[in-house]
Amino acid sequence: MQVKFPAMCESATFTSMTRGMIRSPICRTVRAFKFLFTAPLILLILVILDWMTSPGEWWVQWAGLGIGIVWVSCLVRVLQAVTLVGGIAALGSNMLGRQGILTH
């Protein structure tokens with residue numbers, strides 16, 4: 001199953017983001033969701049690179065600290081979005097159930 005992200009988020013380039021053209025909360029949440037999966041891969045590549053190039057000195061811990069801080073902030077953003085969408089769905093279900101439109 002392939003996940004399709006909104007087209008407006010996929011076509012964003014670094015220059016358009018820095019100019020403020022694409023700053024929608026949806027795009028920021030999509031980028032945060034994608035980073036939750038790409039960050040561990042980036043860190044794995046850095047660990048392998050560190051292991052191969054500088055035995056005995058682990059500089060990757062500082063990159064891991066920075067990536068970890070950003071990863072946690074992305075996780076918080078995604079969990080907020082999931083909580084909001086779930087709350088709206090529960091509210092809608094409750095309202096439709098009271099009106100008799102949604103029957104169990």
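Let's start with the residues that line the largest pocket: P25, I26, T29, F33, R77, V78, Q80, A81, V82 and L84. Keep in mind, as you look for them on the screen, that this is a predicted model. Which elements give two or more residues to that lining? They are α3 and α4. Helix α4 gives the most, with six residues.

What kinds of residues are these? Sorted by class, the lining has seven nonpolar residues, two polar ones and one charged one. As for the space itself, the volume of this largest pocket is about 190 Å³. If you are wondering how anyone finds a pocket at all, rolling a probe the size of a water molecule over the atoms shows where empty space is left.

Now let's step back and look at the whole chain. How many helices and strands does the chain have? There are four helices and zero strands, and reading along the sequence gives the pattern α-α-α-α. The chain has 104 residues, and 16% of them count as buried. Its accessible surface comes to about 8,300 Å², with 71% of that belonging to carbon and sulfur atoms. Here is one more number for the chain: take the contacts with a separation of 6 or more, and 47% of them are between residues 24 or more positions apart.

Next, please find helix α4, which covers residues 60–98. Here is a little check we can do together. The helix has 39 residues, and at 1.5 Å a residue it should span 57 Å. The C-alpha atoms at its ends are 56 Å apart, so the model agrees with that expectation. Just after α4 comes G100, which takes a positive phi of about 85 degrees.

Which residues of α4 are buried? They are V60, G64, I67, C74 and V78. You have met V78 already, among the residues lining the largest pocket. And what do the buried residues of α4 pack against? They pack against α3, residues 25–53.

Let's finish with two other residues of this helix. L75 sits in α4. Is L75 buried, exposed or partly exposed? Its relative accessible area is 28%, and because partly exposed means between 20% and 50%, L75 is partly exposed. Along the chain L75 and A32 are 43 residues apart, yet their C-alpha atoms are separated by 7.2 Å.

S73 is in helix α4 too. With a relative accessible area of 42%, S73 also counts as partly exposed. Try tracing from S73 to A32 on the screen: they are 41 residues apart along the chain, and 8.4 Å separates their C-alpha atoms.

That's my tour, and thanks for listening!

Notes
Residues are numbered from 1 along each chain as its sequence is written. This is a predicted model: local features need pLDDT of at least 70, side-chain atom pairs count only at pLDDT 80 or more; totals for chains, interfaces and linings use all residues. Side-chain values use heavy atoms; hydrogens and water are left out. The expected span of a helix is 1.5 Å times one less than its number of residues. Buried means under 20% relative accessible area, exposed over 50%, partly exposed in between (1.4 Å probe, protein chains only). Contact means heavy atoms within 4.5 Å. On a 1 Å grid over the protein atoms alone, a cavity is a set of points where a 1.4 Å probe fits but cannot get out, and a pocket is an open set with protein on both sides within 12 Å along at least five of seven lines; lining residues have an atom within 4 Å of a point. Grid points are joined across faces, edges and corners, and a volume is the space filled by probe spheres set on the points. Ala, Val, Leu, Ile, Met, Phe, Trp, Tyr, Cys and Pro count as nonpolar, Asp, Glu, Lys and Arg as charged, and the others, Gly among them, as polar. Accessible areas come from the Shrake-Rupley method with a 1.4 Å probe; for residues, only the protein chains shown count as cover.
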